[in-house]
Amino acid sequence: MRPARRRPATSVALKLRPADTTAVALAAELGAEYCEIYTDVDGIYSADPRITKGAHRVPELTYEEMLELAASGAKVLHLRCVEYARVAGVPIHVRSSFSDKPGTWVRGQAEIEKGNQMEQAVISGIAADTSEAKITVLG
């Protein structure tokens with residue numbers, strides 16, 4: 001009897017919690033160009049679209065901006081996932097499992113500035129945690 005042939009995996013579903021941190025760690029160790037995180041939303045929004053009617057998908061954020069959003073209550077990416085990606089230099093592409101929309105890229109400031117000659121927005125997004133209030137002022 002011949003052993004069954006295994007086809008190489010092109011994607012892996014992770015069941016570990018938090019799975020996004022595990023995915024980024026694997027991407028870093030395997031030397032991947034980036035890590036795609038598929039979720040139930042089609043990217044990261046400027047505010048919670050269930051609360052704010054004018055919320056829009058942000059095409060790209062820096063690691064620092066996403067760390068601030070995650071620490072302030074945004075539930076799309078786990079805080080440790082973003083920190084690991086920043087340290088390892090692994091860009092994250094957040095996309096929907098249910099659509100082909102472009103999603104949001106989370107990457108280093110230098111990578112974002114390469115393709116963007118305009119000045120950066122002062123406010124990238126708003127996250128809410130109803131149990132606390134926090135304001136960060138830069139500059």
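This tour walks through two helices of the chain, α2 and α3, and the glycines that follow them.

**The whole chain**

Start with everything shown as a cartoon, and keep in mind that this is a predicted model. You should find 4 helices and 6 strands, arranged along the sequence as α-β-β-β-β-α-α-β-β-α. Of the 139 residues in the chain, 32% are buried. Now think about contacts between residues at least 6 apart in sequence: 62% of them join residues at least 24 apart.

**Stop one: helix α2**

Select residues 63–71, which form α2. Show side chains for Y63, M66, L67, L69 and A70, the buried residues of this helix. Then turn the view until you look down the helix axis: these buried residues fall within an arc of 165°, so they line one face of α2. A general point helps here: an α-helix has 3.6 residues a turn, so residues three or four places apart point the same way. Just after the helix, click on G73, whose phi is positive, near 120°.

**Stop two: helix α3**

Next, select residues 79–88 for α3. Which residues of α3 are buried? They are C81, V82 and A85. Down the axis of α3 they span an arc of 95°, so these residues also line one face of their helix. To see what they pack against, bring up α1 (19–30), α2 and β5.

**Stop three: where α2 meets α3**

Keep both helices on screen. Their axes come within 9 Å and cross at roughly 165°. An angle over 145 degrees counts as roughly antiparallel, and α2 and α3 are therefore roughly antiparallel to each other. The crossing is left-handed. For the contact itself, select Y63, E64, M66, L67, A70 and A71 on α2, together with L79, V82, E83, A85 and R86 on α3. Colour this set by class and you will find 8 nonpolar, no polar and 3 charged residues. Some names will be familiar from the earlier stops: Y63, M66, L67 and A70 are among the buried residues of α2, and V82 and A85 are among those of α3.

**Last stop: G89**

Move on to G89, which follows α3 and has a positive phi, near 70°. This glycine sits in the loop between α3 and β5 (92–96). Is G89 buried or partly exposed? With a relative accessible area of 44%, G89 is partly exposed. Finally, add E33 to the selection: G89 and E33 are 56 residues apart in sequence, and their C-alpha atoms are 9.3 Å apart in space.

Note on methods
Residues are numbered from 1 along each chain as its sequence is written. This is a predicted model: local features need pLDDT of at least 70, side-chain atom pairs count only at pLDDT 80 or more; totals for chains, interfaces and linings use all residues. Side-chain values use heavy atoms; hydrogens and water are left out. Buried means under 20% relative accessible area, exposed over 50%, partly exposed in between (1.4 Å probe, protein chains only). The arc is that of the directions from the helix axis to the C-beta atoms. Axes are lines fitted to C-alpha atoms, for helices over the stretch in contact, and angles run from 0 to 180 degrees between N-to-C directions. Angles under 35 degrees count as roughly parallel, over 145 as roughly antiparallel, 65 to 115 as roughly perpendicular and the rest as oblique. A crossing is left-handed if the near helix is turned anticlockwise from the far one by less than a right angle, and right-handed if clockwise. Contact means heavy atoms within 4.5 Å. Ala, Val, Leu, Ile, Met, Phe, Trp, Tyr, Cys and Pro count as nonpolar, Asp, Glu, Lys and Arg as charged, and the others, Gly among them, as polar.
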